[in-house]
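Student: May we work through this model step by step, beginning with a hairpin and then moving on to sheets and helices?

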Amino acid sequence: MTMSAKQRFLTALERKKPDRLPVANHFVMPSFLKNHMDGISVNEFFDVTGVDPILWTISHKGDGTKGEYFDPLQKEVGFLESRRISSDNWRIIPEEIPGQNYPTTKYNFVTPEKTLTMILQSNEHTSWVVEHLVKEKSDIDIIAKYATKPVCDVQDINAQAAEFAERGLVRGWICCFDIFGQPGTWQDACCLHGVENMIMAAYDDPEWIHAFLQILFERKAHYIRSLEGANYDIHELGGGDASSTVINPMIFDNFVAPYDSRLISLLHEMGQRVSYHTCGGMMPFLERIADMGPDAMETFTPPAMGGDADLAEAKRRIGDRVCMIGGFDQFHYLTGCTSQETREAVRECFRTAGEGGGYILCTSDNYFDADPQLIAAFADEAKKCVY
């Protein structure tokens with residue numbers, strides 16, 4: 001019997017066999033739609049290409065009893081953002097910096113004691129940090145004392161989920177730090193302090209690292225506790241700064257797993273599923289990630305894209321414990337090749353990871369350039385991979 005896209009995804013997430021292989025993108029990037037798809041919407045992208053739809057959404061609100069309100073200086077809600085939450089003790093004031101090679105913005109985090117600053121640059125595809133927020137160790141005390149803690153607007157999420165209905169999967173992510181962050185605790189800290197600084201401090205001052213991570217953990221846990229009753233299908237946790245191509249097992253065991261495993265447990269208490277995202281190297285950490293208890297793992301980036309994933313070995317080692325999401329090399333098989341080569345790459349993923357179900361074919365993270373005809377071939381061949 002033919003399943004809806006939502007049923008297909010959920011069956012795979014339960015490590016069972018759907019009617020056929022689910023096929024997904026990670027995100028559909030706005031610059032890709034603009035440059036390669038004539039500016040169509042995300043929903044139109046799914047209709048045109050045949051990829052199984054995913055609604056990525058997050059909706060924050062503040063606690064009015066604590067004097068929290070929506071940031072009045074946030075001009076627009078950007079890609080994968082929510083409305084920021086401010087208070088009189090935590091205000092974010094942007095300041096454009098002219099004369100740079102890229103659009104550059106300095107963000108002033110104004111508190112009663114100190115103003116913290118972060119500088120970001122951007123192009124049409126993405127943004128990156130050129131000045132980290134946490135510069136002195138005492139800065140984390142300012143965050144702990146004054147940073148707002150957003151909660152989920154469950155009513156808004158459920159309205160979006162009801163409208164999306166059986167069309168596809170409803171995905172969210174655990175709240176990141178304001179302006180620039182990642183869902184995982186260690187990963188969020190790396191965005192605020194710099195991954196190289198975090199790695200050195202893990203050896204030189206582990207007590208401070210734990211204090212920093214606990215502050216961010218509590219902010220994320222506060223958000224997760226607000227998710228009860230929210231009709232999400234799955235949330236994303238993690239991020240690339242906890243991949244095995246960035247950190248070693250000691251750092252993972254001491255500074256990643258102790259915090260994110262507790263967040264995963266709390267998500268399950270709230271009736272929510274979670275996928276742990278590790279773009280980059282995963283193979284040395286497969287069992288470590290699975291031991292944290294996520295429902296799914298991603299992105300299984302292949303070596304040709306700078307990762308290390310061996311789908312067959314990963315399936316053998318952890319395929320009976322989690323749903324596997326990803327593994328497709330979009331750099332080489334969604335551009336610059338024939339549709340037959342794309343189809344063969346899809347079949348190879350299905351042969352190596354699809355046995356017994358519990359696998360969602362997905363691009364290994366985001367892409368900015370791809371041939372729409374090859375995306376259609378990618379989706380069409382997945383539909384022929386029938387259990």
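Tutor: We may; please keep in mind throughout that this is a predicted model. Strand 6 and strand 7 form a hairpin with 6 residues between the strands. Within this hairpin a positive phi near 75° is taken by Gly99.

Student: In which sense do strand 6 and strand 7 pair, and over how many bridges?

Tutor: One facing pair of residues in these strands is Pro94 and Tyr107, the latter in strand 7. The pairing of strand 6 with strand 7 is antiparallel, and the count of bridges is 7.

Student: Which residue in strand 8 stands opposite Tyr107?

Tutor: Strand 7 covers residues 104-110 and strand 8 covers residues 115-122. These two strands pair in the antiparallel sense over 7 bridges. Opposite Tyr107, in strand 8, stands Met118.

Student: Which strands stand at the edges of the sheet with the order 6-7-8-9, and why is one side of each left without a neighbour?

Tutor: The sheet is open and has 4 strands with antiparallel pairing. Each edge strand has a single partner strand, so one side of it lacks a neighbour in the sheet. The edges are strand 6 (91-97) and strand 9 (127-131).

Student: By what angle are neighbouring strands of this sheet turned against each other on average?

Tutor: The direction of the strands is ignored for this value. On average, the turn between neighbouring strands of the sheet is 30°.

Student: Which strands stand at the edges of the open sheet of 8 strands?

Tutor: This sheet has parallel pairing and the order 1-16-15-14-13-12-11-2. The two end strands have a single partner strand each, so one side of each has no neighbour in the sheet. They are strand 1 (23-24) and strand 2 (54-56).

Student: At about what angle does helix 11 run to strand 15?

Tutor: Strand 14 (residues 296-298) and strand 15 (residues 323-328) pair in the parallel sense over 2 bridges, with Ala296 opposite Cys323. Helix 11 (residues 311-318) lies across strand 14, strand 15 and strand 16 (359-363). Its angle to strand 15 is about 175°.

Student: Is helix 6 roughly parallel or roughly perpendicular to helix 7?

Tutor: The axes of helix 6 (residues 185-193) and helix 7 (residues 195-204) come within 7 Å and cross at roughly 115°. In their contact, Trp186, Ala189, Cys190 and His193 of helix 6 meet Val195, Asn197, Met198 and Ile199 of helix 7. The residues of this contact divide into 6 nonpolar, 2 polar and no charged. The crossing angle makes the two helices roughly perpendicular.

Student: How many charged residues does the contact of helix 7 with helix 8 contain?

Tutor: Helix 7 packs against helix 8 (residues 206-225) at an angle of about 125°, with the axes 6 Å apart, which means that helix 7 is oblique to helix 8. From helix 7, Met198, Ala201, Ala202, Tyr203 and Asp204 take part, meeting Pro206, Trp208, Ile209, Phe212 and Leu213 in helix 8. The residues of this contact include 9 nonpolar and no polar, and the charged number 1.

Student: What kind of aromatic pair do Phe32 and Phe45 form?

Tutor: The whole structure holds 16 aromatic pairs. Phe32 in helix 2 (residues 30-36) and Phe45 in helix 3 (residues 42-49) are 13 residues apart. Their centres are 6.3 Å apart and their planes make an angle of 85°. Planes over 60 degrees apart count as edge-to-face, so the pair is edge-to-face.

Note on methods. Residues numbered from 1 in each chain as written. Predicted model: local features only at pLDDT ≥ 70, side-chain atom pairs only at ≥ 80, totals over all residues. Heavy atoms only, no water. Pairing = 2+ DSSP bridges. Axes fitted to C-alpha atoms, helices over the stretch in contact; angles between N-to-C directions. Parallel < 35°, antiparallel > 145°, perpendicular 65-115°, else oblique. Contact = heavy atoms within 4.5 Å. Nonpolar A, V, L, I, M, F, W, Y, C, P; charged D, E, K, R; others polar. Phe/Tyr/Trp six-rings, centres within 6.5 Å; stacked < 30°, edge-to-face > 60°.
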